[in-house]
Amino acid sequence: MAWTWRFEKADGTEVAPAVEPEEFTTQGDAESWIGELWKDLAEGGADQVVLFDGETKIYGPMSLHGSEE
């Protein structure tokens, strides 16, 4: 299975990410990628993300705005 992110507005509407993601082979790779690029994604219009393993939702939505909001 591939690990993927879904990018959403605060209301849950899916949006295109500012940085094109890849399909990750491990949860750790997916989480490292989001950890490096979350600010760019937030600045590009995504408010939150959801992590999937194939079709299975693992967790989320997780805010990209940190504690300043």
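This is a short guided tour of the structure in your viewer, one selection at a time. Keep in mind that the model is predicted.

**Stop 1: the sheet**

Start by selecting the strands β1 (3–8) and β2 (48–53), then add β3 (56–63). Together they form an open sheet of three strands in the order β1-β2-β3, with antiparallel pairing. Which strands sit at the edges? They are β1 and β3, and each of them pairs on one side only. If you look along the sheet, you can see that neighbouring strands are turned against each other by 20° on average, leaving direction out of account.

Now zoom in on the pairings. β1 and β2 are joined in the antiparallel sense over six bridges, while β2 and β3 pair in the antiparallel sense over five bridges. To see how the strands line up, click on Q48. On one side, Q48 in β2 is the bridge partner of E8; Q48 also stands opposite S63 in β3. Another partner to try is L51, whose bridge partner in β3 is Y59.

**Stop 2: two backbone details**

Follow the chain from β2 to β3. This hairpin has two residues between the strands, and here G54 takes a positive phi near 65°. Next, move on to G60 and P61. Is the peptide bond between G60 and P61 cis or trans? The bond is cis, with omega near 5°. P61 itself lies in strand β3.

**Stop 3: the helix**

Select α1 (27–43). This helix lies across β1, β2 and β3, and runs at about 25° to β1.

**Stop 4: the nonpolar core**

Show the side chains of W5, F7, W33, I34, L41 and L64. They belong to the largest nonpolar core, which has 14 residues, and they are the ones that touch the most other members. β1, α1 and β2 each supply at least two residues of this core. Which of the elements gives the most to the core? α1 does, with six residues.

For a closer look, centre the view on I34. Apart from its neighbours within four places in sequence, I34 is in contact with W5, F7, L41, V49, M62 and L64.

**Stop 5: the aromatic rings**

Now show the rings. There are three aromatic pairs to find. Begin with W5 and Y59, an edge-to-face pair with 6.2 Å from centre to centre and 70° between the planes. W5 is in strand β1 and Y59 in strand β3, so this pair ties together parts that are 54 residues apart in sequence. Are the two residues buried or exposed? W5 is buried, with a relative accessible area of 7%, whereas Y59 is partly exposed at 27%.

Your next selection is F24 with W33. Their ring centres are 5.7 Å apart and their planes meet at 50°, so this pair is tilted. F24 and W33 are both buried. Add F7 to the view as well: ring pairs link F7, F24 and W33 into a cluster.

**Stop 6: the salt bridges**

Finally, turn to the charged side chains. How many salt bridges does the structure hold? There are three salt bridges.

Select R6 and look at its partners. The side chains of R6 and E8 meet in a salt bridge at 2.6 Å, N to O. R6 also forms a salt bridge with E14, where the closest N and O atoms are 2.9 Å apart. In this way R6, E8 and E14 are linked in a network of salt bridges. Colour the three by accessibility and you will find that E8 is buried, at 8% relative accessible area, R6 is partly exposed at 24%, and E14 is exposed at 52%.

The last selection is K9 with D47, a salt bridge whose closest N and O atoms are 3.8 Å apart. K9 lies in the loop between β1 and α1 and D47 in the loop between α1 and β2, so this pair ties together parts that are 38 residues apart in sequence. K9 counts as partly exposed at 32% relative accessibility. D47, at 17%, counts as buried because the cut-off for buried is under 20%.

Definitions and conventions
Residues numbered from 1 in each chain as written. Predicted model: local features only at pLDDT ≥ 70, side-chain atom pairs only at ≥ 80, totals over all residues. Heavy atoms only, no water. Core = buried A, V, L, I, M, F, W, Y, C linked by side-chain atoms within 4.5 Å. Buried < 20%, exposed > 50% of the residue type's maximum accessible area, 1.4 Å probe, protein only. Helix = DSSP H or I, 4+ residues; strand = E, 2+ residues; numbered from the N terminus. Contact = heavy atoms within 4.5 Å. Pairing = 2+ DSSP bridges. Axes fitted to C-alpha atoms, helices over the stretch in contact; angles between N-to-C directions. Phe/Tyr/Trp six-rings, centres within 6.5 Å; stacked < 30°, edge-to-face > 60°. Salt bridge = Lys/Arg side-chain N within 4 Å of Asp/Glu carboxyl O.
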